[in-house]
Amino acid sequence: MDTTKDQAKERAARLLKRRGSLTSIRTGAETQVVRVNGTNSVVSHADDPGESGKPLVRYENTFRLDPGRKFPVGQVHDILKELIDLRLQNEIYSPDMSRQMTKTLSEEVKARVKELKIPRYKVVCLVHIGSVNEQGIRIGSRCLWDSSVDTFSSYELSNGSLFAVAVVFAVYYE
């Protein structure tokens, strides 16, 4: 029995060495070879939470169906207005600038909204930047929505060269 176990460990070590992953074997962690669907897999117990000596923390469900505090749409609109005006008011449209600026603005807006520390809301930020060339554009969004707690805020800017539309969706996470 012991020789079979040793042979299995040696075989698993050879397979792992061939693949370049020996972390669980080098650290001396207890490993076990498990056969699943006709293939052998090595299971390491090094990261087992019971082995670390720290008690496992379990959280109870709160069963809250409504937020303790509503999402501040007005404050988010002010954040959008401030950032979009600051970054894009005097800019001239260029595709490369727009590509990078949409990423930068969406990350900045999301970070500023998260600084408000509104608990249990998922924040999604979309920024669109395009050139003004006598054309029209329609931007639409769809999602599952609970109108009593989910909300959004948006801001539009247009100068002679470009237009920008920023939307922040706040979806309550139960």
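A salt bridge is a side-chain nitrogen of Lys or Arg within 4 Å of a carboxyl oxygen of Asp or Glu. The exercises below apply this cut-off and others to a predicted model.

**Exercise 1.** Which side chains meet in a salt bridge at 3.1 Å, N to O, and how are they placed in helix 3?

Solution.
- Step 1. The side chains of Lys81 and Asp85 form the pair, with an N to O distance of 3.1 Å. This value satisfies the criterion because the nitrogen has to be within 4 Å of the carboxyl oxygen.
- Step 2. Both residues belong to helix 3, which covers residues 73–88. They are 4 residues apart, so about one helical turn separates them.
- Step 3. Buried means under 20% relative accessible area. Asp85, at 18% relative accessibility, therefore counts as buried, whereas Lys81 is partly exposed at 38%.

**Exercise 2.** Find which salt bridges tie helix 3 to helix 4, starting from Glu82 and from Glu108.

Solution.
- Step 1. The structure holds 4 salt bridges.
- Step 2. In one of them, the side chain of Glu82 meets that of Arg112 at 3.2 Å, N to O. Glu82 sits in helix 3 and Arg112 in helix 4 (residues 95–114), so this pair ties together parts that are 30 residues apart in sequence.
- Step 3. Glu82 has a relative accessible area of 43% and is partly exposed; Arg112 is also partly exposed, at 25%.
- Step 4. Glu108 forms a salt bridge with Arg87, and the closest N and O atoms are 2.4 Å apart. Here Glu108 comes from helix 4 and Arg87 from helix 3, so the parts tied together are 21 residues apart in sequence.
- Step 5. Arg87 is partly exposed, with a relative accessible area of 32%.
- Step 6. The general principle is that side chains of opposite charge can pair when their charged atoms come close.

**Exercise 3.** Which residues touch the most other members of the largest nonpolar core, and which elements give two or more residues to this core?

Solution.
- Step 1. The core has 27 residues, and those touching the most other members are Phe71, Ile84, Leu88, Leu105 and Ile129.
- Step 2. Two or more residues come from each of helix 3, helix 4, strand 3 (121–131), strand 4 (151–158) and strand 5 (162–172).
- Step 3. Take Leu88 as an example. Leaving aside residues up to four places away in sequence, Leu88 touches Met97, Met101, Leu105, Ile129, Leu157, Asn159, Leu162 and Ala164.

**Exercise 4.** Is Ser131 buried or exposed, and what does Ser131 touch?

Solution.
- Step 1. Ser131 is placed in strand 3.
- Step 2. The relative accessibility of Ser131 is 17%, so the residue counts as buried.
- Step 3. Apart from residues up to four places away in sequence, Ser131 touches Tyr93, Ser161, Leu162 and Phe163.
- Step 4. The side chain of Ser131 also makes a polar contact with the side chain of Asn133, at 3.1 Å.

**Exercise 5.** Describe the chain as a whole, from element order to surface.

Solution.
- Step 1. The chain contains 4 helices and 5 strands, in the order α-α-β-β-α-α-β-β-β along the sequence.
- Step 2. Among contacts with a separation of 6 or more, 65% involve residues 24 or more positions apart.
- Step 3. Of the 174 residues, 29% count as buried.
- Step 4. The chain exposes about 13,000 Å², and carbon and sulfur atoms supply 50% of this area.

Note on methods
Residues are numbered from 1 along each chain as its sequence is written. This is a predicted model: local features need pLDDT of at least 70, side-chain atom pairs count only at pLDDT 80 or more; totals for chains, interfaces and linings use all residues. Side-chain values use heavy atoms; hydrogens and water are left out. Buried means under 20% relative accessible area, exposed over 50%, partly exposed in between (1.4 Å probe, protein chains only). Contact means heavy atoms within 4.5 Å. Accessible areas come from the Shrake-Rupley method with a 1.4 Å probe; for residues, only the protein chains shown count as cover. A nonpolar core is a set of buried Ala, Val, Leu, Ile, Met, Phe, Trp, Tyr and Cys residues joined through side-chain atoms within 4.5 Å. A polar contact is a pair of N or O atoms within 3.5 Å; within protein, one must be able to donate a hydrogen and the other to accept it, and residues adjacent in sequence count only if both atoms are side-chain atoms.
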